[in-house]
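Please prepare a short briefing for a reader who is new to this structure. It should cover the surroundings of the ligand, a set of paired strands, and some backbone details.

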Amino acid sequence: MTGKAGKMRVFVTRQIPQVGLDMLEEHFEVTVNPYDRVLTEEELIEGVTDAHGLLCLLTDAITSKVMDASPYLKVISNYAVGYNNIDVAAATQRGIPVTNTPGVLTDATADLAWALIMSVGRRIVEGDTYTRKGRFVGWGPMLLLGGAVAGKTLGIVGMGRIGQAVARRATGFDMPILYHDVERVHSVEELYNARYVSLDELLETSDFVTLHAPLTDGTKHMVGKRELGMMKKTAYLINTARGPLVDEQALVEALREGVIAGAGLDVYEDEPKLATGLAELPNTVLLPHLGSATLETRSKMAEMAASNVIAALRGETPPNLVEV
Ligand code: DGY
């Protein structure tokens, strides 16, 4: 069933940069969630009803129930590189292609991982608060001492596009790089002098451990009490990937008890909620999932997500099909 003027219908679950909406509106009848918030499952189902295309966000759980709201649904285009919010198996069963936005957010996310490395290591946020509160009364030899970054060992878990961009930046800080992934990536070993090690060795040896793995059944809680206990007392954990990679309550305990020195987090296990006690810990820097949050990146993501919808509804293979 087509919409007004015989056009196919596309439902967009939240306002995205206009460039993507303009692309869609050239071809389709487009409906955008009118509220500046995540839709409930009921509202999502209502929006998808009789739609041909769905452009959704990482905050939308795209279940089989949502997919079945429209017998015409021909594409689920996620406005994110990660797609753990979509039941891809159910989509595949129904012959609905799922797409994502890889590549365009690599640099923005790697930059943010570095912002967290620097800010948690060098106590930037604590220092800013201290200064604003008028507590800075003069230079002090022991004032807000942090951990050095240059020359320290960086452990990268997940050597995909973003992990590699983080490694590239580390070369400017003269950091020995260790990495762990399901497979070795020989090119990065040569380019950045990175050494492939087991996850345990990486945890035991690194001064900064930064996570860049996708969230799957196999990676959920890959960093829990045992793994935190293996890290150096002086080490920091950085997560800009997905919250459930880390057992957040175990992390709170580890930070509270000085098992590790600090954590820089952009993502949370039960987003947007934080584990009890996390917000009270001074040795953390906590961001509201800003990895791809630059004007440039979000616009490119909008173009990419729209291109995926357009290709699929033209009957072509969308450029960024998720591999199952
Ligand atoms: C993604 O794309 O998966 C990020 O987490 C959001 O930008």
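By class, the shell around the ligand is made up of five nonpolar, three polar and one charged residues, where Ala, Val, Leu, Ile, Met, Phe, Trp, Tyr, Cys and Pro count as nonpolar, Asp, Glu, Lys and Arg as charged, and the others, Gly among them, as polar. This is a predicted model, in which local features need pLDDT of at least 70 and side-chain atom pairs count only at pLDDT 80 or more, while totals for chains, interfaces and linings use all residues. Residues are numbered from 1 along each chain as its sequence is written, and side-chain values use heavy atoms, with hydrogens and water left out.

**Ligand surroundings**

- The residues around the ligand, meaning those with a heavy atom within 4 Å of it, are Leu58, Ala80, Val81, Gly82, Leu105, Arg242, His289, Ser292 and Met301.
- Among the polar contacts (pairs of N or O atoms within 3.5 Å), a polar side-chain atom of Ser292 lies 2.5 Å from an oxygen atom of the ligand.
- An oxygen atom of the ligand is also 2.7 Å from an N or O atom in the side chain of Arg242, and a ligand oxygen is 2.7 Å from a polar backbone atom of Val81.
- Of the 240 Å² of accessible area that the ligand has on its own, the protein covers 91%, by the Shrake-Rupley method with a 1.4 Å probe.

**Strand E11 and its partners**

- From strand E11 (residues 262-265), Gly262 and Gly264 point one way and Ala263 and Leu265 the other, and all are buried, that is, under 20% relative accessible area, whereas exposed means over 50% and partly exposed in between (1.4 Å probe, protein chains only).
- Strands (E, at least two residues) and helices (H or I, at least four) are DSSP runs, numbered from the N terminus, and two strands pair if DSSP finds at least two bridges between them.
- E11 runs parallel to strand E10 (residues 236-239), joined by four bridges, and Gly262 is the bridge partner of Tyr236.
- E11 also runs parallel to strand E12 (residues 284-286), with three bridges, and Thr284 in E12 is the bridge partner of Ala263.

**Loops and backbone details**

- In the loop between E11 and E12 lies Glu280, which counts as exposed because its relative accessibility is 61%.
- Pro272 is found in the loop between E11 and E12, and the peptide bond from Glu271 to Pro272 is cis, with omega near 0 degrees.
- Arg123, in the loop between helix H5 (106-121) and helix H6 (124-132), has a positive phi near 55 degrees.
- Leu144, in the loop between H6 and strand E6 (154-157), has a positive phi of about 45 degrees although it is not a glycine.

Key:
A polar contact is a pair of N or O atoms within 3.5 Å; within protein, one must be able to donate a hydrogen and the other to accept it, and residues adjacent in sequence count only if both atoms are side-chain atoms.
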